[in-house]
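Visitor: I am new to this structure and would love a close look at one part of it. Could you show me the model and then walk me through the charged pairs?

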Amino acid sequence: NSFRKAEIMHAGYWMGAIPVPANHRLAPPEIAAIFEDAECRVIAVEDHFRSVLGHQALKAWAGDPIWLVPQTTEIDGNNYESLLATAVPAPMGAVDEDDDAVLQYTGGTTGRSKGVRLTHRNVITNALQIASAIHPKMGDVHLHINPMFHSGDLLTTMFTLVGATHVYVPEFSGPKLFEAIQKYRISFAMLIPGMIIKALQEADPTQYDLSSLQKIWYGGSSLSVEWILKTLDAFKNVQLVQCYGQTESAP
């Protein structure tokens, strides 16, 4: 999770390239199967995942990746920050609303992960649909603490459309969730029930100023009445919004 990941996604939208977010929790052979199926020509990888890229299954893509590392890092290959520093802004590509915007792979619960082709129209239409229920506005601050490779992150397009702010936290924990809400005055957060439960078990919410949080939208599974009540007690004046969607529906 990082603003660079979001930047690369939007660069793809802008230039007409098709981003393929990869689930870094998959085994290297599974990641390689996605790269092969999608016919990926360029990959961008954080130094944190160097060992994953070093796996034999990913040898075909290990030769010339774009490394998401600090500009001063000594690496063999393309440094994203160095490339960005010397780049000239590119004109918008000739993209139609019915062109593919992103290739999003499913969880593969019934077999191999399948690539779902989502068009620019898919992504924007769904953002407008969700916005009619969530009511985002320019002053909102949305927290990305769920894995951004998941299709659910596309829902946050609605915050971009209204000029709201995005905050990115690389890894989840209860303290990190509460610290981010307090530090950045988060107003919206998308969580799964397991994250809500874990956060309330790991940290004491009364030790943080969580007053900025207006809505938690959650999905992936249901949240029991017991934990709904505990959540409402921990986050004063927050609204809980139960969501359901599939990758195929953008999402």
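Visitor: Does Lys-230 count as buried, partly exposed or exposed, and what is its relative accessibility?

Guide: Happy to help, and please keep in mind that this is a predicted model. Lys-230 has a relative accessibility of 37%, and because the partly exposed class lies between the 20% and 50% limits, Lys-230 counts as partly exposed. Its partner is Glu-226: the two form a salt bridge, with their closest N and O atoms 3.1 Å apart. Glu-226 is partly exposed too, at a relative accessible area of 46%. Both residues belong to helix α9, which covers residues 225–234, and because they are four residues apart there, about one helical turn separates them.

In general, side chains of opposite charge can pair when their charged atoms come close. Another pair to look at is Asp-233 and Lys-236, whose side chains meet in a salt bridge with an N to O distance of 3.1 Å. Lys-236 is partly exposed, with 49% relative accessible area.

Now move to helix α1, residues 3–15, where you will find Arg-4 and Glu-7 three residues apart, about one turn of the helix. These two form a salt bridge, and their closest N and O atoms are 2.8 Å apart. The partners fall into separate classes: Glu-7 is partly exposed, with a relative accessible area of 30%, whereas Arg-4 is buried, at 14%. Arg-4 falls under the 20% limit, so it belongs to the buried class. The pair also has company, since Arg-4, Glu-7 and Glu-81 are linked in a network of salt bridges. Across the model, the count comes to eleven salt bridges.

For a contrast with the charged pairs, look at the surface patch made by Trp-14, Met-15 and Met-92. This patch is nonpolar, and together the three residues have about 370 Å² of accessible area. Met-92 sits in the loop between α4 (80–85) and β4 (100–105). Met-92 counts as exposed because its relative accessibility is 57%, and the limit for that class is over 50%.

One last stop is a helix pair. The axes of α7 (residues 174–184) and α8 (residues 193–202) come within 7 Å and cross at roughly 90°, so the two helices are roughly perpendicular to each other. On the α7 side, the contact is made by Gly-174, Pro-175, Leu-177 and Phe-178, and on the α8 side by Ala-199, Leu-200 and Glu-202.

How values were computed:
Residues numbered from 1 in each chain as written. Predicted model: local features only at pLDDT ≥ 70, side-chain atom pairs only at ≥ 80, totals over all residues. Heavy atoms only, no water. Patch = residues over 30% accessible without salt bridge, like charges linked within 9 Å, V, L, I, M, F, W, Y side chains within 5 Å. Areas by Shrake-Rupley, 256 points an atom, 1.4 Å probe, with all protein chains shown as cover. Salt bridge = Lys/Arg side-chain N within 4 Å of Asp/Glu carboxyl O. Buried < 20%, exposed > 50% of the residue type's maximum accessible area, 1.4 Å probe, protein only. Axes fitted to C-alpha atoms, helices over the stretch in contact; angles between N-to-C directions. Parallel < 35°, antiparallel > 145°, perpendicular 65-115°, else oblique. Contact = heavy atoms within 4.5 Å.
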